[in-house]
Amino acid sequence: MTRRHLLQKQVPADRKPLKSASASNMADDEIILSELSDEELVQQMHDDLYDGLKEEIEEGTNILLERGWAPYKVLTEALVEGMRIVGEDFRDGILFVPEVLLSANAMKAGMFILRPLLVATGAPKQGKMVIGTVKGDIHDIGKNLVGMMMEGAGFDVIDLGINNAVEKYLDAIEQHQPDIIGMSALLTTTMPYMKVVIDTMKEKGIRDDYVVLVGGAPLNQEFGKAVGADAYCRDAAVAVETAKDFMKRKHNVRVS
Ligand code: B12
């Protein structure tokens with residue numbers, strides 16, 4: 001399904017058109033991604049993400065990087081913004097799970113290119129974080145993004161993946177002794193599970209030994225407070241700043 005087609009891409013002679021949805025809407029004029037202005041390219045990438053065109057997203061990501069865009073700018077303006085548009089049409093019943101899965105795969109392909117660049121900042125070591133999506137929930141794009149940005153900021157990140165029961169968090173805490181526990185949830189039905197994890201930590205008397213950060217599109221600050229997290233973070237950049245802040249406080253407590 002094509003939401004709005006800005007321009008038509010030229011398909012190299014040795015490559016088949018990647019997706020019929022794009023091809024079917026083709027006008028006669030063809031375009032080459034590398035010939036688009038930055039603004040046009042970003043818009044085209046939103047369309048390509050919408051259409052789940054992985055190779056085009058990879059190409060667009062590389063072009064923006066070659067043009068000197070900072071990896072974080074590519075991430076937020078081309079990929080995350082594109083995914084926001086997908087989310088709106090998913091919510092409105094215009095897109096369905098199979099299509100959104102393709103978009104998610106295209107997004108991940110772009111993130112895969114950006115990951116080493118975001119991670120390799122040479123930032124001084126900050127601490128350790130265990131992060132995972134809670135039980136019942138398989139959304140992982142936002143969590144992965146937070147993990148990447150945290151690594152880039154100097155945190156060691158242990159990623160538990162998706163669908164994590166409380167035992168998984170507890171095992172990871174025991175094994176890795178992190179400073180920070182991060183939980184992600186994208187469903188209103190799974191977000192209450194964060195409280196299960198935090199309450200279990202309380203029961204075991206270990207809650208106050210760790211900083212608990214929570215995030216995911218349906219959450220907000222009140223929810224974070226209600227489940228007993230230390231902070232809710234609306235995006236990866238806020239997560240990094242919040243985590244660094246907590247680490248500073250932790251070190252201050254230790255020296256005083
Ligand atoms: C992509 C997507 C999918 C993909 C997931 C692919 C993947 N590998 O993740 C697929 C197609 C599989 C999918 C499935 C489903 N989805 Co879905 N999905 C989405 C969509 C469109 C985008 C989510 C996303 O990746 N956003 C981009 C990232 C970058 O943003 P983010 O996740 O919010 O993360 C940022 C912040 O929230 C924060 N953050 C996130 N996690 C964390 C963690 C910590 C510790 C911190 C500090 C910060 C933080 O930082 C991140 C980076 O900045 C959303 C729409 C939306 N508006 O969120 C729906 C959405 C979440 N899905 C929804 C639904 C209903 C489903 C399904 C139930 C559909 C179905 N009928 O099967 C299933 C659920 C399956 C399951 N059990 O989990 C609903 C949820 C509605 C609700 N009220 O709960 C949404 C909101 C769409 C909608 N409006 O209807 N989905």
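Tutor: Buried means under 20% relative accessible area, exposed over 50%, and partly exposed in between (1.4 Å probe, protein chains only). The model is predicted, so local features need pLDDT of at least 70 and side-chain atom pairs pLDDT 80 or more, while totals for chains, interfaces and linings use all residues. Residues are numbered from 1 along each chain, and side-chain values use heavy atoms, without hydrogens and water.

Student: Is Arg84 buried, exposed or partly exposed?

Tutor: Arg84 lies in helix α4, residues 71–91 (helices are DSSP runs, H or I, of at least four residues; strands, E, of at least two). Its relative accessibility is 42%, so Arg84 counts as partly exposed.

Student: Which residue meets Arg84 in a salt bridge?

Tutor: A salt bridge is a Lys or Arg side-chain nitrogen within 4 Å of an Asp or Glu carboxyl oxygen. Here the N to O distance is 2.7 Å. The partner sits in helix α4 too, 3 residues from Arg84, about one turn of the helix. At 26% relative accessibility the partner counts as partly exposed, and it is Glu81.

Student: How many salt bridges does a search of the whole structure find?

Tutor: The pair Glu81 and Arg84 is a salt bridge. The search covers the whole structure, and the number found is 15.

Student: How far apart are N and O in the salt bridge of Asp199 and Lys202?

Tutor: Both residues lie in helix α8 (residues 193–203), 3 residues apart. Asp199 is partly exposed because its relative accessibility is 23%, and Lys202 is partly exposed with 47%. Their side chains meet with an N to O distance of 3.9 Å.

Student: With which residue does Asp245 form a salt bridge?

Tutor: Helix α10 (residues 236–255) holds both partners, 4 residues apart, about one turn of the helix. Asp245 counts as partly exposed at 37% relative accessibility, and its partner is partly exposed with 47%. The closest N and O atoms are 3.8 Å apart, and the partner is Arg249.

Student: Which residues are joined into one network by salt bridges that share partners?

Tutor: Two of the members, Glu81 and Arg84, meet in a salt bridge. Shared partners join the network, whose members are Glu81, Arg84 and Glu88.

Student: Which protein residue is the donor to the cobalt atom of the ligand?

Tutor: Donors are N, O and S atoms within 2.8 Å of the metal (3.2 Å for Na, K and Ca), and water is not among the atoms, so sites may look incomplete. The protein gives a single donor, an NE2 atom 2.3 Å away. Its residue is in the loop between β1 (127–133) and α6 (141–152). The donor residue is His139.

Student: How many residues surround the ligand?

Tutor: A residue counts if a heavy atom lies within 4 Å of the ligand. The closest are Ile138, His139, Asp140, Ser184 and Thr188, and the total is 35.

Student: How far is a polar side-chain atom of Asp140 from a nitrogen atom of the ligand?

Tutor: A polar contact is a pair of N or O atoms within 3.5 Å. Lys108 has a side-chain N or O atom 3.4 Å from a ligand nitrogen, and a polar backbone atom of Ala217 is 3.4 Å from a ligand oxygen. For Asp140 the distance is 2.7 Å.

Student: How far apart in space are Glu58 and Ile113?

Tutor: Glu58 is in helix α3 (residues 54–66) and counts as partly exposed at 24% relative accessibility. In sequence, Glu58 and Ile113 are 55 residues apart, and in space the C-alpha to C-alpha distance is 7.4 Å.

Definitions and conventions. A polar contact is a pair of N or O atoms within 3.5 Å; within protein, one must be able to donate a hydrogen and the other to accept it, and residues adjacent in sequence count only if both atoms are side-chain atoms.
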